[in-house]
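Trainee: Hi! Could you walk me through this structure while I have it open?
Mentor: Happy to, just ask away.

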Amino acid sequence: MSVRVEPPLGTAERPADGVRVPPGLLRRRVRQGRRLLPYAATFVAVLAWLRALGAVDWTRAGDLGLITALTPSYFLAVGLLSTGFVLALLVERSSSRLLAVQVLLWIVMLHGTVSILQPEPRFPMAWLHAGFTEYIARSGATLPVLDARFSWPGFFSGMALLASAAGVDSPVAFLRWAPVAFNILYLIPLVALLREVTTDTRTRWLALWLFYTANWVGQDYYSPQALVYILLLASLLITVRWFRPGDRRTAYQHASRLAPRVNAWLLSIRTRLPDELAVRPAPARHRVFLILLLTGLLAVMVVTHQLTPVSLIGTLIMLVLAGSCRLRLLPVILIVLLAGWVSYGAVAFWSGHIDALFGTFGQLAGSVQRNVSGRLDGSGARMAVLGTRLAFAAVVGLLAAVGFLCRVRRGRGDLTFAVLAGSPFLVLAANSYGGEALLRAYFFALPFLAFFAASIFTGRSPYEARALLRAGGFLILSVVLVPAFLVARYGNERYEMVTPHEAAAFSHFYDNAPTGATLATVSTEVPWRFRSIEAHDHTAVVDTWATDEFRPSEVSDLVAAVHDLPHDSWLVVTRGQEAYGELALSLPTGWAQELTDDLVATGRFDVVYANEDARILRRPSPPEGVHYVTPEGRQFLRLEAGWWEATGPHQRDELARVYGPPRSYAQDQPAAQQAHMGSIPDLFGMGGIRRYPDFAGRS
Amino acid sequence: MRARRWTSAAVSALGVVVAGLLLAEVEGGITAWLTAAFLLSGPGLALIARLRFDDAWVEASLVVAIGVALTIALAQAMIWSGQWQPKAAVVVIAVVTVPLVATNCWNMPPRRSRSTPDTVATSGTKR
């Protein structure tokens, strides 16, 4: 299976004058010393990382994100750990326990450092998911009319069960360590899957290492897709381990009846690209259980996440077509489950989003454009981050392609894993998923891409120099990929991190705002909606998820956009929004201060809260008044200070919204005639409502 | 075999601890993480321990997947039925699961030989 690498040259003993050294003793001692090198490198790496944790000021993350705030100690730590791993795996063949510890440390260093450094959980979307969880934990129900994601409530309800049972005050407590927990949980099915494709332990370990290094997509936060990924890997494991056809020829029996030429073609491919490992058919006593379990996992996936089952349908169909899955009805079962759930549980979503669901079906080129060039927008630094992500994905894909060819040359095509690596990208043809489908497809394919990429570095060679060259090549790759990972994964840290002051500002709103008050922000990059989601309206001026996204280019555009926020709106402007405006919207530096100053100057907003990173402006409640309609159909608002007429339909709607349905003027005429005239500020800021000084006289 | 027994014993103990914490109304982060660990390991282990899969990693993968799926399914069932009782649900899971898992500590059939039909290879390389 593997070739023992001899110790490097130049380690022969050289006895000191007058000292007699037994033959081979020095060589043995040198060899023993060399065996300690991986342990020493790992130990020093941990020390350097701990030192870095104490020295990093995470708040100084610049336009390229976290990488600009990290100290040299951090890079020393990841370099030393990479060196220790390569020494342990490719040179010294250390124990698997050391390798497991190194992989766990790698996970923590890459995916957990931020969790340790930052006191508040990062990534605003995770806070929103905590709000969904909090609602279910509090009410024991979902609320699909409020948000489409409630139509796929599996994750939120499961976490609500946990939070509610354990009496956790707020699910926000789960957010901080979720990425580390999910990545460690992924390790189990990943190892199991890799054991199904190759007996070479080096390839498995390298594939694991590459998976965690290349997993920059950031889908491992507190989210449905992060949890469903475990179910996805487990489903693929069951399919690949127990339900591959045992005989190449029987794999295409179903095709031979329909199209003998296609069957012959598929058979020739499969013969040229055999899987390295034999199938292990499930014994009869397991088969029924496994099929039921597989169906159950698919059902839970369907009620938990929108995209994962769609991607899995494509994968299962391709596995069946490639003769790698004997359960030919499995894709049909999944389609029926998905259709059933969408027809029953997700009506609230699709009834208003038919175009979003099927509008891009089959438009592969357009979908790729939306997922690639459509995302390249913003300042130079943001373009650099987005470019790094695309380049990273391209490099991983290229390495996987080279690795696949290497294995074909060695007579191991691994068609099953090649299908698993390629088929997730079919989802691009189904839906652009708001420009995120490519990222998700990359995430789904990553374990298998990593396996093929790892195969480059583990070929059998009788030459020690070639083995050392491969070890050196992997070390260089690992060390080079880490900065790229940091930029790709944490490049948006300026607006994806959450400071305690920002969290405090939003807590202030939820603690003090009356029910029904509107919480407004400039962008959605804020830690909001983490509690009481049904008690308030939430609106963002720049909603990146809206199909007709508003793109302000100047502060005056923003002033105009928030000028007419309804009464009792609370506008929260934070450091994170300011960073997002600069990086993604190319707004001028300091735009947030300018915006708040301009709004306060209009007299419509008051600053009700401010700290280092956030300001809250509030538009006061409307004055007490009565909404009237005359027998002629004219509508008026009577305030203590005078009469106002709503002259347009929009203004009438606004009066009805604020003051309720109009009352008949004739019934209240005496009271109306007693009203006195006075001067009040512009009530609605709309030209359609005008003061009517002599209303009583005219009537 | 010994590892499997230790695992069963540890998960059983975890289930008892979690049930005890919930009944004693000890609330907070530690209880949440312990409950999560139990939900991820207990129900799955109770279901598949007797099936005797011959690969610990495969077994662990299925245990975790079953734990996730059962938790979600149970939560959804409570929502749909309008009976939202999370604490009672976890305690019931512990009461049902712990005896099933605990019996694995002393009542384990011997591991089957690798030459059984379970491992017959019909193509490719034998592992």
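Trainee: Let me start with one residue: is A:Asp220 buried or exposed?
Mentor: A:Asp220 is buried, with a relative accessible area of 1%. Keep in mind that this is a predicted model.

Trainee: And what does the side chain of A:Asp220 meet in a salt bridge?
Mentor: Its partner is A:Arg489, at 2.9 Å from N to O. The two come from distant parts of the chain, 269 residues apart. A:Asp220 sits in the loop between α8 and α9 of chain A, while A:Arg489 belongs to helix α22 of chain A.

Trainee: Is A:Arg489 buried or exposed?
Mentor: A:Arg489 is buried, because its relative accessible area is 5% and buried means under 20%.

Trainee: How many salt bridges does the structure hold over all chains?
Mentor: There are 17 over all chains. One of them joins A:Arg618 and A:Asp568, with N and O 2.6 Å apart. A:Arg618 lies in strand β5 of chain A and A:Asp568 in the loop between α25 and β3, so this pair ties together parts that are 50 residues apart in sequence.

Trainee: What about the exposure of those two, A:Arg618 and A:Asp568?
Mentor: A:Arg618 is partly exposed, at 24% relative accessible area, whereas A:Asp568 is buried, at 13%.

Trainee: Which residue forms a salt bridge with A:Arg531?
Mentor: That would be A:Asp511, and the closest N and O atoms are 2.2 Å apart. A:Asp511 is in helix α24 of chain A, and A:Arg531 is in the loop between β1 and β2, 20 residues apart. A:Asp511 is exposed, with 54% relative accessible area, while A:Arg531 is partly exposed, with 24%.

Trainee: Which residues are linked with A:Arg494 in a network of salt bridges?
Mentor: A:Asp63 and A:Glu582 are linked with A:Arg494 in that network.

Trainee: New topic: empty space. How many cavities of 30 Å³ or more are there?
Mentor: The count comes to 11. The largest cavity holds about 140 Å³ of space. It is lined by 16 residues, and those closest to its centre are A:Ser115, A:Arg122, A:Leu175, A:Arg176 and A:Pro179.

Trainee: Which element gives the most to the lining of the largest cavity?
Mentor: α3(A) does, with 3 residues. By class, the lining of this cavity has 9 nonpolar, 3 polar and 4 charged residues.

Trainee: And the second largest pocket, what is its volume?
Mentor: About 1,000 Å³. This pocket has 40 lining residues, and nearest its centre are A:Leu185, B:Ala37, B:Leu40, B:Ser41 and B:Val64. The largest share of the lining, 10 residues, comes from α3(B). Sorted by class, the pocket lining has 29 nonpolar, 6 polar and 5 charged residues.

Trainee: What is chain B made of, in helices and strands?
Mentor: Chain B has 4 helices and 0 strands. Of its 127 residues, 50% count as buried. One residue to look at is B:Val17 in helix α1 of chain B, which is partly exposed, at 41% relative accessible area.

Trainee: Last one: which residues form a nonpolar patch on the surface?
Mentor: A:Ile317, A:Met318, A:Leu321, A:Ile335 and A:Leu426 form it, with about 390 Å² of accessible area together. Helix α13 of chain A gives the most to this patch, with 3 residues. A:Ile335 is found in helix α14 of chain A and is partly exposed, at 38%.

Terms used. Residues numbered from 1 in each chain as written. Chains lettered and ligands numbered in written order. Predicted model: local features only at pLDDT ≥ 70, side-chain atom pairs only at ≥ 80, totals over all residues. Heavy atoms only, no water. 1 Å grid on protein atoms, 1.4 Å probe; cavity = no way out; pocket = protein on both sides within 12 Å on 5 of 7 lines; lining within 4 Å. Points joined across faces, edges and corners; volume = space filled by probe spheres on them. Nonpolar A, V, L, I, M, F, W, Y, C, P; charged D, E, K, R; others polar. Patch = residues over 30% accessible without salt bridge, like charges linked within 9 Å, V, L, I, M, F, W, Y side chains within 5 Å. Areas by Shrake-Rupley, 256 points an atom, 1.4 Å probe, with all protein chains shown as cover. Salt bridge = Lys/Arg side-chain N within 4 Å of Asp/Glu carboxyl O. Buried < 20%, exposed > 50% of the residue type's maximum accessible area, 1.4 Å probe, protein only.
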